[in-house]
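Reader: Could we go through this model together? I would like to begin with a detail at the surface and then work back to the overall fold.

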Amino acid sequence: MMDSDGTFAYSHIENLHFDNSIKVYPNPVISDKLHLDTPEKVSQVQIYDLSGNVFYSGKTENGMISTSHLAAGIYIVQITATNGAVSTHRIIKSKLAFRSQHLLTVKFTSL
């Protein structure tokens with residue numbers, strides 16, 4: 001890179017490694033359970049809305065968190081592992097559950 005006075009210097013190159021091994025599903029959340037698959041033990045999970053209000057702060061129960069208390073909307077899930085690593089995920093909570101017994105069947109007949 002060249003400076004405005006005509007001098008230049010080389011920058012040190014750092015490789016970044018992003019570990020995407022934490023899985024948060026289903027997304028969108030249409031049930032009352034959010035599943036977390038993590039290779040590390042989880043020390044804390046927090047769920048925030050986009051305004052920063054905390055809706056859940058605690059641990060997982062068998063890798064799951066109840067989302068029954070969440071209204072439909074967008075939330076941020078912050079997972080803190082016991083080794084101090086923090087992972088942040090965006091989820092969508094939907095109140096729409098598509099089940100076969102609730103589908104309407106329409107039959108068209110010719111006139």
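Reader: Does Leu50 count as buried or exposed, and at what relative accessibility?

Author: This is a predicted model, and in it Leu50 counts as exposed, because its relative accessibility is 58% and the cut-off for that class is over 50%. Leu50 is placed in the loop between E3 and E4.

Reader: Which nonpolar surface patch is Leu50 part of?

Author: Leu50 makes a nonpolar surface patch with Ile74 and Ile92, and the area of that patch is about 270 Å².

Reader: And what is the accessible surface of the chain?

Author: For the chain, the accessible surface comes to about 8,800 Å², with 55% of it belonging to carbon and sulfur atoms. Of the 111 residues, 20% count as buried.

Reader: OK, on to the fold. How many helices and strands are there?

Author: The chain has zero helices and seven strands, so the order of elements from the N terminus reads β-β-β-β-β-β-β.

Reader: How are the strands of the four-stranded sheet ordered?

Author: That sheet is open, its order is E4-E3-E6-E7, and the pairing is antiparallel. Strand E4 (54-58) and strand E7 (86-93) stand at the edges with a single partner strand each, so one side of each is left without a neighbour in the sheet. From one strand to the next, the twist averages 15 degrees.

Reader: How many bridges join E3 to E4?

Author: Strand E3 (residues 42-49) is joined to E4 by four bridges, and the two run antiparallel. To give one pair of residues, Ile47 has Tyr56 in E4 as its bridge partner.

Reader: What about the sheet of three strands, what is its order?

Author: It is an open sheet with the order E1-E2-E5, again with antiparallel pairing. Its edge strands are E1 and E5, each of which pairs on one side only. The twist in this sheet averages 20 degrees from one strand to the next.

Reader: How many bridges are there between E1 and E2?

Author: Strand E1 (residues 23-25) pairs with E2 over three bridges in the antiparallel sense, and Lys23 stands opposite Asp37 in E2. On the E5 side, three bridges join E2 to strand E5 (residues 64-66), also running antiparallel, with Leu34 opposite Ile65 in E5.

Reader: Which residues of E2 are on its covered face?

Author: In strand E2 (residues 33-37), Leu34 and Leu36 form the covered face, while Lys33, His35 and Asp37 are on the uncovered one. Leu34, which stands opposite Ile65, is therefore on the covered face, as the division of E2 shows.

Reader: Changing topic: how many salt bridges does the structure hold?

Author: The structure holds one salt bridge, in which the side chains of Lys93 and Asp32 meet at 3.5 Å, N to O. The pair links distant parts of the chain, with Lys93 in strand E7 and Asp32 in the loop between E1 and E2, 61 residues apart.

Reader: Is Lys93 buried or exposed?

Author: Lys93 is buried, because its relative accessible area is 3% and buried means under 20%. Its partner Asp32 counts as partly exposed, at 42% relative accessibility.

Reader: Back to the chain for a moment: what share of its contacts comes from residues 24 or more positions apart?

Author: Among contacts in the chain with a separation of 6 or more, residues 24 or more positions apart account for 50%.

Definitions and conventions: Residues are numbered from 1 along each chain as its sequence is written. This is a predicted model: local features need pLDDT of at least 70, side-chain atom pairs count only at pLDDT 80 or more; totals for chains, interfaces and linings use all residues. Side-chain values use heavy atoms; hydrogens and water are left out. Buried means under 20% relative accessible area, exposed over 50%, partly exposed in between (1.4 Å probe, protein chains only). Axes are lines fitted to C-alpha atoms, for helices over the stretch in contact, and angles run from 0 to 180 degrees between N-to-C directions. Contact means heavy atoms within 4.5 Å. Accessible areas come from the Shrake-Rupley method with a 1.4 Å probe; for residues, only the protein chains shown count as cover. Patches are made of residues with over 30% relative accessible area and no salt bridge: like charges are joined within 9 Å, nonpolar side chains (Val, Leu, Ile, Met, Phe, Trp, Tyr) within 5 Å. A salt bridge is a side-chain nitrogen of Lys or Arg within 4 Å of a carboxyl oxygen of Asp or Glu.
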